[in-house]
Amino acid sequence: MNDNKTIYQSVTFAEQIMQICENEDIKNSSDFTFCTFVEQTIYYKLKNNRLYVPDERIAYSICFGLKLSFSESCYLLRLAGLSIMPRTSYDKYREMLCKMLISGNTYIPDCNIKLQKYGFPELGSKCKRNI
């Protein structure tokens with residue numbers, strides 16, 4: 001009997017994000033912030049802590065900013081223990097996010113205009129950025 005058990009660790013949200021960044025030639029926190037509209041500290045947390053999971057709004061911003069498809073976003077958010085699928089029929093925020101992802105409308109400033117119109121929280125963190 002072999003007492004040595006192999007433990008398989010699945011890929012984490014942070015690891016998957018960093019892999020996507022590498023594939024998309026996003027090499028530093030400035031590039032990441034430019035794409036995702038989140039603060040540079042998020043990039044470093046993702047890079048240095050494989051178990052780091054940002055809050056829900058920031059995770060959505062990352063999916064939108066990296067121009068992920070609807071299925072890629074669902075997979076990635078599932079790794080973070082999140083979902084973009086509406087939780088109830090009254091969950092208009094996630095419903096709007098789903099529609100934007102499915103339609104390919106992922107440019108964060110445009111998405112934020114639509115979200116603001118209905119009083120929903122904007123994507124991205126409160127970092128200052130010239131567009």
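**Figure 1. Salt bridge between Arg87 and Glu56 in the predicted model.** The side chains of Arg87 and Glu56 form a salt bridge, with an N to O distance of 3.2 Å. This pair connects distant parts of the chain: Arg87 belongs to the loop between helix 5 (70-79) and helix 6 (92-103), while Glu56 belongs to helix 4, and 31 residues separate the two. Arg87 has a relative accessibility of 58% and counts as exposed, because the threshold for that class is over 50%. Glu56 reaches 22% relative accessibility and counts as partly exposed, since buried would require a value under 20%.

**Figure 2. Network of salt bridges that includes Arg87 and Glu56.** The pair from the previous view is part of a network of salt bridges whose members are Glu56, Arg87, Asp91 and Arg94. Across the whole structure, the search finds 7 salt bridges. Side chains of opposite charge can pair when their charged atoms come close.

**Figure 3. Glu95 and its two lysine partners, Lys92 and Lys99, in helix 6.** Glu95 meets the side chain of Lys92 in a salt bridge of 3.5 Å, taken from N to O. Both residues lie in helix 6, where they are 3 residues apart, about one turn of the helix. Glu95 also forms a salt bridge with Lys99, and here the closest N and O atoms are 3.2 Å apart. Lys99 and Glu95 are 4 residues apart in helix 6, so about one helical turn separates them. The relative accessible area of Glu95 is 23%, which makes this residue partly exposed. Lys92 is likewise partly exposed, at 41%, whereas Lys99, at 53%, is exposed.

**Figure 4. Surroundings of Thr12, in the segment before helix 1.** Thr12 has a relative accessibility of 11% and therefore counts as buried, the limit being under 20%. A polar atom of the Thr12 side chain lies 2.5 Å from the backbone oxygen of Arg50. When neighbours within four places in sequence are left aside, the residues in contact with Thr12 are Arg50, Leu51 and Leu79.

**Figure 5. Buried face of helix 3 (residues 40-48).** The buried residues in this helix are Ile42, Tyr43 and Leu46. Viewed down the axis of helix 3, the buried residues fall within an arc of 100 degrees, so they line one face of the helix. They pack against helix 1 (13-23), helix 2 (29-36) and helix 4 (56-65).

**Figure 6. Overall fold of the protein chain, as context for the close-ups.** The chain has 7 helices and 0 strands, and the order of elements from the N terminus is α-α-α-α-α-α-α. It contains 131 residues, of which 42% count as buried. Among contacts with a separation of 6 or more, 59% come from residues 24 or more positions apart. The accessible surface of the chain is about 8200 Å², and carbon and sulfur atoms contribute 52% of that area.

Technical notes
Residues are numbered from 1 along each chain as its sequence is written. This is a predicted model: local features need pLDDT of at least 70, side-chain atom pairs count only at pLDDT 80 or more; totals for chains, interfaces and linings use all residues. Side-chain values use heavy atoms; hydrogens and water are left out. Buried means under 20% relative accessible area, exposed over 50%, partly exposed in between (1.4 Å probe, protein chains only). Contact means heavy atoms within 4.5 Å. Accessible areas come from the Shrake-Rupley method with a 1.4 Å probe; for residues, only the protein chains shown count as cover. The arc is that of the directions from the helix axis to the C-beta atoms. A salt bridge is a side-chain nitrogen of Lys or Arg within 4 Å of a carboxyl oxygen of Asp or Glu. A polar contact is a pair of N or O atoms within 3.5 Å; within protein, one must be able to donate a hydrogen and the other to accept it, and residues adjacent in sequence count only if both atoms are side-chain atoms.
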